[in-house]
Amino acid sequence: MRFEELREHLNNLQLIGSGWRSYVYRSSLCGKDVAIKVAKEKGLEEAIRKEARILEKLKGIKNFPQIIVWGDDFLVYEFIDGIPFEKCNINPQQRVLILLKVLELAYLLDSMCISRDEFQRLDKNLLVDKDLEVYIIDFERGNISCKRKTNITQLMQLFVREGYMDLKKAIDLGRAYAKEAKKVVHELKNLLEKALRETS
C-alpha cells in the first residue's frame, strides 16, 4: 500500500514537519491520534521502510514511536505529545535527568544492535513531554547491525560539547566501550549524577 491509498482512511490530515527525506503529518486513523511519516519522493522510500523495520523491533518500549502500520512509502505510529529537546524550557537539573534517561536508552539500542546514527545531536529528534518523559524519534539513518555499536560513543560527543566530560576522557571511554560496555556506561552515569548533584 502507498500513502495515497491510505489517505482516504485518514481524518483531519495536517502537515506538522518536514525533513530532508520525508514529510510528517498528524491525523486520526481508526479513532487513534497518529503521526504519519511519508517519503518525499521516489528513491527515498527505502529509508522509510528501514525505519519501519527498526520501529517494529522497538514495539512495546514506550520511549520510542509505537508503530501501527507501514507501507511502501509511509509509516504510521501513535502520536507523541512532546516538545523537541531544543525548545524545552528546563533547568540544568532537569536537563541532566533527561540525559540520564537518554544514556539508558542509547545503551539499550546498542544492546539490541540498533544504531540510530544521530546521538551526537538531540535537538529535534528527542521529544520531551510535560512529565519529562523522553521519546527518541527519527530512525531514517539507523541500521540494525551488531558490527558497530555507536550510540553511546556518539552520545559522548554531546556530553563533551555540553561540558559534562573532557575530550580525552571521551576518547578513552570510547576506545574501552567495545570490550567493556557496561563499565563505560556506569562511568558515564556517574559523571552525569555528579553533575546532577552540582546543580542541586
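Which residues of α4 are buried? In this predicted model, they are N151, I152, Q154, L155, M156, L158 and F159. These buried residues pack against α3, β7, α5 (167-177) and α6 (181-199). The points below start from α4 and its helix neighbours, then take up the nonpolar cores, the strands and a few loop residues.

**Helix α4 and its partners**

- Helix α4 covers residues 151-161, and it packs with α3 at an angle of about 155°, the two axes being 8 Å apart. An angle over 145 degrees counts as roughly antiparallel, so α3 has that relation to α4.
- On the α3 side, the residues that meet α4 are L99, V102, L103, A106, Y107, L109 and D110. On the α4 side, they are N151, I152, L155, L158 and F159.
- Sorted by class, the contact of α3 with α4 has 10 nonpolar residues, 1 polar residue and 1 charged residue.
- The packing angle between α4 and α5 is about 170°, and their axes are 10 Å apart. This pair is therefore roughly antiparallel as well.
- From α4, the contact with α5 draws on I152, T153, M156 and V160. From α5, it draws on L167, A170, L173, G174 and Y177.
- The residues of the contact of α4 with α5 comprise 7 nonpolar and 2 polar, with no charged ones.
- I152 of α4 appears in the contact with α3 and also in the contact with α5; I152 is among the buried residues of the helix.
- After α4 comes G163, which has a positive phi near 85°.

**Nonpolar cores**

- The largest nonpolar core holds 51 residues. L122, F139, F159 and L188 have the most contacts inside this core.
- Helix α3, residues 92-111, gives the most to the core, contributing 9 residues.
- L188 is in contact with L103, I152, M156, F159, M165 and L173, once neighbours within four places in sequence are left aside. Of these partners, L103 belongs to the α3 side of the contact with α4, and L173 belongs to the α5 side of the contact with α4.
- A second core, separate from the one above, has 10 residues, including L10, V34, F74 and V76.

**Strands**

- Three strands make an open sheet in the order β6-β8-β9, and their pairing is antiparallel. Its edge strands are β6 (83-84) and β9 (134-136), each of which pairs on one side only.
- β8 and β9 run antiparallel and are joined by 3 bridges. One of the partnerships between them is L126 with I136, the latter in β9.
- Helix α3 lies across β8 and β9, and the helix runs at about 40° to β9.
- Strands β4 (residues 67-70) and β5 (residues 74-78) are also antiparallel, with 3 bridges joining them. They form a hairpin, with 3 residues between the strands.
- I67 has Y77 of β5 as its bridge partner.

**Loop residues**

- C30 sits in the loop between β2 (22-29) and β3 (32-39). Its phi is near 55°, which is positive although C30 is not a glycine.
- C30 counts as exposed because its relative accessibility is 77%, and exposed means over 50%.
- D117 is in the loop between β7 (114-115) and β8 (126-128). Like C30, D117 is a residue other than glycine with a positive phi; for D117 the value is near 70°.
- D117 has a relative accessibility of 23%, so D117 counts as partly exposed.
- K40 is located in the loop between β3 and α2 (45-57). With 30% relative accessibility, K40 counts as partly exposed.
- Not counting residues up to four places away in sequence, K40 touches S18, G19, W20, R21, S22 and Y23.
- K40 and Q154 lie 114 residues apart in sequence, and their C-alpha atoms are 28 Å apart in space. Q154 is one of the buried residues of α4, whereas K40 is partly exposed.

Technical notes: Residues numbered from 1 in each chain as written. Predicted model: local features only at pLDDT ≥ 70, side-chain atom pairs only at ≥ 80, totals over all residues. Heavy atoms only, no water. Helix = DSSP H or I, 4+ residues; strand = E, 2+ residues; numbered from the N terminus. Buried < 20%, exposed > 50% of the residue type's maximum accessible area, 1.4 Å probe, protein only. Core = buried A, V, L, I, M, F, W, Y, C linked by side-chain atoms within 4.5 Å. Contact = heavy atoms within 4.5 Å. Pairing = 2+ DSSP bridges. Axes fitted to C-alpha atoms, helices over the stretch in contact; angles between N-to-C directions. Parallel < 35°, antiparallel > 145°, perpendicular 65-115°, else oblique. Nonpolar A, V, L, I, M, F, W, Y, C, P; charged D, E, K, R; others polar.
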